[in-house]
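Here is a short briefing for a newcomer. Look at the sequence and the fold first, then work through the points below.

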Amino acid sequence: MTGQLGWQMLYMVVEHFKNKDAAPVYRRFRDRGRMAPDGLVYISSWVDEKFERCYQVMEGADRSLLDAWIANWSDLIDFEVHAVVTSAEAVDKIAPRIS
């Protein structure tokens, strides 16, 4: 749910590499690391075969942490952010509607 209650939120982040060029992103990552603020946790990521976009799951209690991280990369990447829940959480939440 929301970070206001101290719970961790999961975010599916779709990164679209500007100019469809992953090289500057990987160069910065090599030189400076993820540059995520304390409290924002990298979970996992997948890159498409053309190296045009990355699908990444991040976790944090506050959306502002994600926004701070995005600010470090927005010159190289266009971002889509979706708050998500795990499949198990989805089953629990939808159960009353499918009884």
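Asp67 is partly exposed, at 36% relative accessibility. Its salt-bridge partner is Arg63, with the closest N and O atoms 2.8 Å apart. Arg63 is partly exposed as well, with a relative accessible area of 36%. Both residues sit in helix α2, 4 residues apart, so about one helical turn separates them. The model is a predicted one.

**Salt bridges**

- Side chains of opposite charge can pair when their charged atoms come close.
- The count of salt bridges comes to 5.
- One of them joins the side chains of Lys18 and Asp78, at 3.7 Å from N to O.
- Lys18 lies in the loop between β1 and α1 (23-32), while Asp78 belongs to strand β4 (residues 77-84), so this pair ties together parts that are 60 residues apart in sequence.
- Lys18 has a relative accessible area of 29%, which makes the residue partly exposed.
- Asp78 also counts as partly exposed, at 42% relative accessibility.
- Another salt bridge links Arg53 and Asp48, whose closest N and O atoms are 3.3 Å apart.
- Are the two partners buried or exposed, or something in between? Arg53 counts as partly exposed, at 24% relative accessibility. Asp48 counts as buried, at 16%, because the cut-off for buried is under 20% relative accessible area.

**Overall build**

- The protein chain has 3 helices and 4 strands.
- Read from the N terminus, the order of elements is β-α-β-β-α-β-α.
- The C-alpha trace of the protein chain spans about 50 × 30 × 15 Å along its principal axes.
- The protein chain has 99 residues, and 25% of them are buried.
- Take the contacts between residues at least 6 apart in sequence: 70% of these join residues at least 24 apart.

**Nonpolar core**

- The largest nonpolar core holds 16 residues.
- Which members touch the most other members? They are Leu66, Trp69 and Trp73.
- Three elements each supply at least two residues of this core: β1 (9-17), β3 (53-60) and α2 (63-71).
- β1 gives the largest share, with 4 residues.
- Leaving aside residues up to four places away in sequence, Trp73 touches Val25, Arg28, Phe29, Gly33, Arg34, Met35 and Phe79.

**Surface**

- The accessible surface of the protein chain comes to about 6,600 Å².
- Carbon and sulfur atoms account for 54% of that surface.
- Which residues form a nonpolar patch on the surface? Tyr26, Val47 and Phe51 do, and together they have about 270 Å² of accessible area.
- Phe51 lies in the loop between β2 (41-47) and β3.
- With a relative accessible area of 44%, Phe51 is partly exposed.

**Points to keep in view**

- For a charged pair within one helix, look at Arg63 and Asp67 in α2.
- For a charged pair that ties together parts 60 residues apart in sequence, look at Lys18 and Asp78.
- For the largest nonpolar core, start from Leu66, Trp69 and Trp73.
- For the nonpolar patch on the surface, find Tyr26, Val47 and Phe51.

Notes. Residues are numbered from 1 along each chain as its sequence is written. This is a predicted model: local features need pLDDT of at least 70, side-chain atom pairs count only at pLDDT 80 or more; totals for chains, interfaces and linings use all residues. Side-chain values use heavy atoms; hydrogens and water are left out. A nonpolar core is a set of buried Ala, Val, Leu, Ile, Met, Phe, Trp, Tyr and Cys residues joined through side-chain atoms within 4.5 Å. Buried means under 20% relative accessible area, exposed over 50%, partly exposed in between (1.4 Å probe, protein chains only). Contact means heavy atoms within 4.5 Å. Patches are made of residues with over 30% relative accessible area and no salt bridge: like charges are joined within 9 Å, nonpolar side chains (Val, Leu, Ile, Met, Phe, Trp, Tyr) within 5 Å. Accessible areas come from the Shrake-Rupley method with a 1.4 Å probe; for residues, only the protein chains shown count as cover. A salt bridge is a side-chain nitrogen of Lys or Arg within 4 Å of a carboxyl oxygen of Asp or Glu.
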